[in-house]
Amino acid sequence: MMAGVSRETWISAVLVALLVAVPLAATAAGEPFYVTLATRIAILALAAVGLNIALGLGGLVSFGHAAFFGLGGYVAGIFATHAFNGAPLPFGFAATTAMPVIWLVAIALCGLVALPIGAISLRTAGVYFIMITLAFAQMIYYFAVSWPDYGGEDGLSIYVRNSFPGLNTAQPLPYFLLCLGLLAAGMVLFWCIQGSRFGAALEASRQNATRLAAVGITPFGIRLAAFVISAMMTGLAGALFADLNRFVSPSMLSWHMSGELIVLIILGGKGRLFGPLAGAMVYVLFEYALGGITERWQFFLGLILLGVVLFARGGLLGLLAGKTRHG
Amino acid sequence: MLFLIAAGLTLIFGVMGLINLAHGSLYMIGAFACAAVAAATGSFWIGLVASLAAAAAAGALMEVAVIRRLYERDHLDQVLATFALILILSEGMRWLFGSFPLYLDIPPVLQGAVPLPGGGQYQLYRLAIIGVGIVVAVGLYLLISRTRLGMRIRAGESDREMIAALGVDIRTLYTVVFALGAALAGLAGALVGALQSVQVGMGEPALILAFVVIVIGGIGSIKGALVGAVLVGVVDTMGRFLLPKLLALALPISQANSVGAALASMLIYIVMALILAFRPRGLFAGQA
Amino acid sequence: MAEPILQLSEIRKTFGALKATDGVSLDLRKGEIHALIGPNGAGKSTLIHQICGSIRPDSGTIRFLGEDMAGLDMAARVRKGLGRSFQISSLAPEFSALRNVMLAVQARQGSSYRFFRPVAGDRSLTGPAMAMLERVGLEKRAKVPAAELSHGERRQLEIAIALALEPKAFLFDEPMAGLGPEGSKRLTGFLDGLRHEAPILLVEHDMDAVFALADRISVLVYGRIIATGTVAEIRSDPEVRRAYLGDAA
């Protein structure tokens with residue numbers, strides 16, 4: 001191992017370099033499709049970084065994080081729709097297509113929703129926690145399907161991508177850079193949390209909650225805070241995703257989506273800073289490469305996932321870089 | 001019917017401590033087997049037997065190949081691995097059968113309706129399903145409390161290592177229990193297949209509901225699965241029926257209907273959240 | 001005499017037909033080591049759990065520093081000043097010994113909701129934590145993950161963590177268990193000096209250590225305290241000999 005720079009850091013640097021270089025090259029070559037692909041990777045990675053706070057650091061297996069992903073998406077969609085047809089939002093607010101405002105609303109909404117969901121769910125443990133987070137997400141899913149005003153099962157289209165001051169968000173490359181910036185911010189936040197006192201308490205709550213209580217820290221409060229923060233980040237990613245596809249539908253709220261988010265983390269390596277990015281890259285590229293060959297690509301995804309779970313528990317980064325060491 | 005799936009799930013979790021998301025896929029396999037065989041032979045009943053056999057076999061195969069390695073793992077790994085199985089099985093079935101639904105007819109003997117006391121008619125077939133549910137419930141109760149297999153299952157629930165030490169062949173026991181749970185799921189799938197169509201993905205809504213049922217009832221408890229299934233069924237039916245009507249008092253009809261439908265589908269989950277808020281381990285946790 | 005630091009009054013707890021704790025009254029005074037002994041199955045663990053807050057007594061009160069602890073969970077009681085070690089070591093296995101103690105220092109400072117400053121180089125945490133490790137003699141193993149420490153080292157780490165909490169009273173649950181004669185001697189010496197920082201309620205089986213350290217001993221048999229007194233009094237008490245010591249005393 002090189003002095004000071006671990007293998008994991010090298011690999012992570014390579015991944016980031018790829019993520020930045022490919023879209024630039026693609027734009028230069030006039031192939032915007034790859035930029036869109038990279039944007040997709042960045043957004044999914046951000047969603048997974050959010051989940052990683054709760055799952056990787058805190059050991060909270062939330063099978064309902066799609067709820068926040070979808071809520072963020074719907075905020076973007078609803079704002080865009082109302083801005084388009086001029087109708088005011090509930091409580092008389094005027095809609096806007098400014099992304100910063102939309103993001104703030106998405107983050108705030110997800111945080112507010114995560115508070116009661118987390119407060120109730122965290123009273124349970126183990127498989128009950130998994131199930132109850134799933135159930136809450138299902139609740140929101142069915143609500144979205146049945147509520148007719150915003151498309152119901154068919155979803156909601158965003159005709160023109162929302163705007164960001166100073167950028168032409170309709171173009172693939174500027175939007176990609178925007179998402180990349182947010183991904184970087186998210187990862188910086190993750191890194192800060194991981195190394196902070198809060199992070200220490202959170203990891204301790206995962207390793208041995210009794211020990212945490214025995215030093216006088218109540219695990220519940222720490223976990224709830226982690227859950228809420230995690231929800232907010234995933235919600236932001238959802239808003240970005242809706243703007244990317246210019247479409248939001250209840251499928252963003254489905255349990256398949258929740259499973260997908262967990263898969264992203266596991267594929268890349270749970271609890272590692274760059275794990276979600278590695279996982280998102282593997283997943284999206286796989287979807288693209290195999291999806292071109294066969295419609296049955298999920299079959300192979302299932303096989304690979306099974307293989308990872310059974311044999312390669314540390315995910316891609318675990319395979320390539322070995323175990324992490326805590327200080 | 002929900003009880004059948006839930007009972008299988010809770011059995012597996014109670015005895016082996018394993019969450020199995022792929023249970024819904026076993027349900028689907030049973031339905032497909034029944035439909036395919038019934039179409040080929042013209043008899044629903046042979047199809048039913050086939051569904052039991054196919055589901056049990058699939059279950060046993062699944063257990064030996066994959067599930068076995070998961071007992072020692074934490075719940076996250078189990079969730080992921082069985083999620084992977086769902087993907088594999090769903091896409092696999094699509095490959096074999098295509099995306100179009102198969103149809104399964106209600107056997108002539110059970111067609112028609114039965115007049116209810118108080119007016120109205122009830123489908124005979126649905127009554128039959130309830131009947132099957134009761135028979136299975138009684139059968140399971142007898143199995144668990146009266147037979148040696150049942151004793152081993154109960155012992156396995158309390159202390160896995162102990163019964164291994166006593167010489168009971170754990171591996172076979174687990175495979176048998178898993179296959180039993182699978183057969184129950186397959187049976188449910190076949191029965192429901194005649195009411196709705198048989199298609200890939202039919203297992204998933206059923207699976208989620210089954211999880212809600214066993215979480216409400218308490219994981220590992222058959223009694224809980226029964227109570228939970230009844231509760232969920234009643235809440236769901238009543239909710240869909242009553243909510244739009246109640247809302248119609250305050251809202252215009254079309255809005256009442258849509259809001260009512262939305263709320264009704266959420267209702268079960270709200271109930272589950274409420275129950276878990278007060279009893280984090282379900283209603284009958286820890287009992288067989 | 002000043003009010004006892006910890007006072008149990010008529011604590012009762014039954015599990016079905018089993019009276020695990022049957023009207024236990026006990027107190028811990030400033031500056032003393034009060035040993036709790038009794039045969040296996042006497043209900044020592046249940047009593048410890050009730051003092052710490054993981055089990056709720058059916059009746060009776062537990063007062064710590066004059067305050068009734070009813071309704072407070074374990075973390076809250078620890079914050080009030082009750083430091084404990086576990087009979088079976090309970091540590092954060094992936095963290096190093098140092099990080100385990102740092103966690104306690106952090107908790108003592110009450111600052112767990114800081115999200116940004118990194119913990120790794122933070123002197124206000126590493127300084128006190130290393131000091132605690134030095135006190136128990138573990139400073140050379142500071143960077144070793146807790147899972148890789150030997151059994152004796154883990155006991156030492158548990159004590160270091162308890163020290164870092166700067167508690168008003170210690171509750172040590174069989175700290176000598178599994179230590180060889182060398183380790184037991186060292187720990188006995190250590191605890192001897194510790195009593196002046198905070199009184200110690202010591203649950204132990206090791207009679208040599210108990211007789212060497214205890215100011216008072218309480219004997220728990222079938223959920224009841226059958227005797228409380230000085231070492232000499234307990235050694236000569238006929239009921240205690242019959243129930244527990246046999247003729248070894």
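Here are four short exercises, with worked solutions, on the predicted model shown above.

**Exercise 1. The open sheet of chain C**

Work out in which order the four strands of the open sheet in chain C are arranged, and which strands stand at its edges.

*Solution.*
- Step 1: Start with the order, which reads 2-1-4-5, with antiparallel pairing.
- Step 2: Now look at the ends of that order. Strand 2 (18-28) and strand 5 (67-68) of chain C each have a single partner strand, so one side of each lacks a neighbour in the sheet.
- Step 3: Add the helix. Helix 1 (residues 44-52) of chain C packs on this sheet and touches strand 1, strand 2 and strand 4 of chain C. The direction of helix 1 makes about 60 degrees with that of strand 2 of chain C.
- Step 4: Zoom in on one pairing. Strand 1 (residues 6-15) and strand 4 (residues 59-64) of chain C run antiparallel and are joined by five bridges. Gln7(C) stands opposite Arg63(C) in strand 4 of chain C.

**Exercise 2. The contact between chains A and C**

Find how many residues each chain brings to the contact, and which helix of chain A gives the most.

*Solution.*
- Step 1: Chain A brings 23 residues and chain C brings 30 residues.
- Step 2: On the chain A side, helix 6 (172-195), helix 7 (197-207), helix 8 (209-214) and helix 9 (219-245) each supply at least two residues.
- Step 3: Helix 7 of chain A gives the most, with six residues.
- Step 4: Sorted by character, the chain A side has twelve nonpolar, nine polar and two charged residues.

**Exercise 3. The length of helix 11**

Check what span helix 11 (residues 275-293) of chain A should have at 1.5 Å a residue, and compare the distance between its end C-alpha atoms.

*Solution.*
- Step 1: The expected span is 1.5 Å times one less than the number of residues. For the 19 residues of helix 11 of chain A, that gives 27 Å.
- Step 2: The end C-alpha atoms of helix 11 are 27 Å apart, which agrees.
- Step 3: For its surroundings, note that the buried residues of this helix include Leu277(A), Met281(A) and Tyr283(A).

**Exercise 4. Two glutamates with a positive phi**

Locate Glu10(C) and Glu166(C), and decide whether each is buried, partly exposed or exposed.

*Solution.*
- Step 1: Most residues other than glycine have a negative phi. Glu10(C) has a positive phi of about 50 degrees, and Glu166(C) one of about 45 degrees.
- Step 2: Glu10(C) is in strand 1 of chain C, whereas Glu166(C) lies in the loop between helix 5 (151-164) and strand 7 (169-173) of chain C.
- Step 3: A residue is buried at 20 or more other C-beta atoms within 10 Å, and exposed at 12 or fewer. Glu10(C) has 13, so Glu10(C) is partly exposed. Glu166(C) has 15, so Glu166(C) is partly exposed.

Notes: Residues numbered from 1 in each chain as written. Chains lettered and ligands numbered in written order. Predicted model: local features only at pLDDT ≥ 70, side-chain atom pairs only at ≥ 80, totals over all residues. Pairing = 2+ DSSP bridges. Contact = placed C-beta atoms within 7 Å. Axes fitted to C-alpha atoms, helices over the stretch in contact; angles between N-to-C directions. Nonpolar A, V, L, I, M, F, W, Y, C, P; charged D, E, K, R; others polar.
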